[in-house]
Amino acid sequence: MWAGAVPVLSTRGHIMNKKSVTYLFLIPLILFFYAAWQNGRVNTVVERAAYETQIIETASQSPQATLTYRRDGQEVDLPAAEAQEAARRYLDENRDWISAADIERFLAHWSMWFTALSLLINAGVVALCRFCVLQGKRSQRALLNAFYLSRFLLPLFMGAQLLIGPTYQLSLLFYEMIWAAIHFELSLKAGKVFLFLFIMAAALLWFFGRVLVTVVKCYGLFRPVAKPVLGLRVSRTEAPALWQAVDALSKGADAPDNIVVGLTENFYVTASPVQLDNGEMVTGQTLYFPLTWAALLSPEEITAVVGHELGHFSGKDTEFSRRFLPLYAGFSRSLEALEPQEGKKPFASVLELRTALYSAHYFLEQFHGMVMYWRQQREHAADEAGAKASSPQALASALLRIVALSGPVDEYLSEVYQAKVQTDNVVTSLLAHLSGRPLPDPRDYLEQEISHPYDSHPSSRSRIEALGCSVELSAIQASRPVTMQSYAHLQTLFADVDGLARALTAHLVGEVAEQRNVWREELNTVVQAASGEKAIYSRSRISRGGILTIVTFVSLIVAFHTGREWDYPPGKREFTALILTLVFVYFCWLGVRSVLRYWRASKEPIMILTPQSLIFSELTEPVPLSALTGYQFFLTKNDMLIELEYKEGYQPPPLAGSRFRAYRHVDKKARQMLLDVSGKLRDADNKPVSQEQLMELVEMYFHAPAAQAELHTMQ
């Protein structure tokens, strides 16, 4: 048995954040009360119409009686004939309100029912998540069953949220449209009402169709994603000793269906589909065996690491490893597929889309704490299996050796990716590269975790302590030097390890060459696109202040002089009037100058991008690209601010024109320039330029010098 601290499962994850509470409960609750208010408004009309009808009927039955009639909040006694006339007059004057009352009440009730249903569905999502959390605390099997239940129900909930949201929103809107048509005395005939109802029904049908597509996408969130792998699947004839060792370690139960040999990743097992670079799709249980890392470990350490990975395919951990984690990882990666892309509006409004997304995110948050808890439990259990397969000390030294050599191995592979290393066998060249070199001290990496495509691991220190091994002794064994003899034990595992390593190297080199060609083309595209000048103009909005000033003071001049009689010779009254007129004319001139300034500004480029510099109309001099270290964009609906960060020692140019315009400044202490790019942007050909396009242009010109330099290094 292993010893060590058992992680505690936190219960704080069930607390919802403010945005989730707002979208799931606060907004639907507010809209429910708004629909109830609409219902109260129409009920007032219905009740008053019923009262007036009753007055008419009573007066008809007793024409000589005196009736109590409510009018303007007061009750008065009127003769039956007068009360009947008043009632008929009210019904006639409010005929449109009364005729529309039935449909308004229907819409109000519809909105109330659907907002209440939305609240129930959102509460159901929360209840489902809480139920799954409580179940998941019991065992991995319970967590797996809870996840499968959520896998079926959550997409249905999300689809219902996407459908119900537009339903009550359209009902609320249509109610107010009818109210506005009557209030402003617009013609509201039956044909128009039916036309509006038809449009509403068509919109709901369209939403329903899109929701069906989204529900299908939601179910797709739970599907495991095929992992692309650079490697080759080896048969039993190609690796007889390796397959024999794996079969012995798995003891015939839950043995892997495939062994994929590669160069670039660490040891792992998976039950998700694996897409090899040669196009082959590998399904079933797969063990990934890296020749690079295997050459750096001893036979005992390889046995311990493989035993650890196979431990994920045995016992109670099988379903959790094979089924749940790939699905959970696929859900986490694919959730962003429902997020609206920047610059594109979603088919549904923000309200219902955000409601569905926050439901999914809340679900993910609830499972995350349990997943992390059981992951740590699983890793310690798998470590126990690895220790039994070889020895606790072999597994402990393998853990430290892998984390200590990760940096040097990654650096060497990075040089391979950049074509700085020419080799036909990456394994032997890696060993030659590391041979005779001092290795990093493994004790510096005790708190580091080993990366894994589908999983995470506890720190090396906690795992070694749980194995009951000495950290110092493990570090000594892990820091042994790399020699070329480390490659010898691999020859006993494969029929032709040299041919396999060369084949993998050829695949890797070919992939690198292909990717570098693609990258070279992208760099050439950037350099060529940024080789000329690009002028950006701003079709500024009309000077509202200038227009308002002109209209105001012209009106004052007209009003001041209308009907005024001038005496000659002029006296004190005439001189005062003349002075006031000149003051009014002066303010009119200020308004005209403001309008002209805006008009002239639209004729000059607000920004010019060149291969060497950025030219802004707000700065007196160009800003060299070589002086900049970074940039940021701050977007509003119609405006954009560009913040430029510059190198120490560079003297930025002063601002042009007024220094008191908002949202622009030069902060020499922080080495930042904040510039305002406002209005509707266009290029020199008068074609519109969106904010996203301008950001891409700035990014392209900013990175063009670096792209040019990298092209020179790739020659």
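Select helix α9, residues 299-310, to begin. Its twelve residues should span 16 Å at 1.5 Å a residue, and the end C-alpha atoms are indeed 16 Å apart, so expectation and model agree. The expected span is 1.5 Å times one less than the number of residues in the helix. Helices (H or I, at least four residues) and strands (E, at least two) are DSSP runs, numbered from the N terminus. The model is predicted: local features need pLDDT of at least 70 and side-chain atom pairs count only at pLDDT 80 or more, whereas totals for chains, interfaces and linings use all residues. Residues are numbered from 1 along each chain as its sequence is written, and side-chain values use heavy atoms, with hydrogens and water left out.

Remain on α9 and colour by accessibility. Nine of its twelve residues are buried, and the helix is mostly covered. Buried denotes under 20% relative accessible area, exposed over 50%, and partly exposed in between (1.4 Å probe, protein chains only). The buried positions in α9 are E301, I302, A304, V305, V306, G307, H308, E309 and L310.

Zoom out to the whole chain. There are 19 helices and 19 strands, and buried residues make up 44% of the 715 residues. Of the contacts with a separation of 6 or more, 76% join residues 24 or more positions apart; contact means heavy atoms within 4.5 Å.

**Helix α12 and its partner**

Next, select residues 392-417, helix α12. This helix has 26 residues and reaches 36 Å from its first C-alpha to its last, close to the 38 Å expected at 1.5 Å a residue. Of these 26 residues, 19 are buried, and the helix is mostly covered. Move to S406, where α12 bends by about 45°. The bend at a residue is the angle between axes fitted to the seven residues ending there and the seven starting there. A proline, P408, follows within four residues of S406.

Add residues 471-478, helix α15, to the selection. Two packed helices are described by the angle between their axes and the distance between the axes. For α12 and α15, the angle is about 65° and the axes are 8 Å apart. Axes here are lines fitted to C-alpha atoms, for helices over the stretch in contact, and angles run from 0 to 180 degrees between N-to-C directions. The crossing of α12 and α15 is right-handed; a crossing has that hand if the near helix is turned clockwise from the far one by less than a right angle, and is left-handed if anticlockwise.

Show the side chains of the contact. From α12 come Q393, A396, S397, L400 and R401, and from α15 come V471, L473, S474, A475, Q477 and A478. These residues divide into six nonpolar, four polar and one charged. Ala, Val, Leu, Ile, Met, Phe, Trp, Tyr, Cys and Pro count as nonpolar, Asp, Glu, Lys and Arg as charged, and the others, Gly among them, as polar.

**Two positive phi angles**

Proceed to A419, just after α12, in the loop between α12 and α13 (426-434). Phi of A419 is near 60°, a positive value in a residue other than glycine. A419 is partly exposed, with a relative accessible area of 33%.

Then select R671, found in the loop between β16 (665-667) and β17 (672-677). R671 is not a glycine, yet has a positive phi of about 55°. Its relative accessible area is 33%, so R671 is partly exposed.

**Three distant pairs**

Select M607 in strand β11, residues 605-609. M607 counts as buried, at 1% relative accessibility. Display S538 as well: M607 and S538 are 69 residues apart in sequence and 8.8 Å apart in space, C-alpha to C-alpha. Beyond its neighbours within four places in sequence, M607 has contacts that include K534, I536, F616, I642 and V698.

Follow the chain to P611, in the loop between β11 and β12 (613-616). P611 is partly exposed, with a relative accessible area of 27%. The C-alpha atoms of P611 and F702 are separated by 8.5 Å, with their positions 91 residues apart along the chain. Not counting residues up to four places away in sequence, P611 touches A530, S531, G532, L625 and Y701.

Finish at A35, in helix α1, residues 18-61. A35 counts as buried, at 0% relative accessibility. A35 and W110 are 75 residues apart in sequence and 8.7 Å apart in space, C-alpha to C-alpha. Residues up to four places away in sequence aside, A35 touches A108, S111, M112 and L172.
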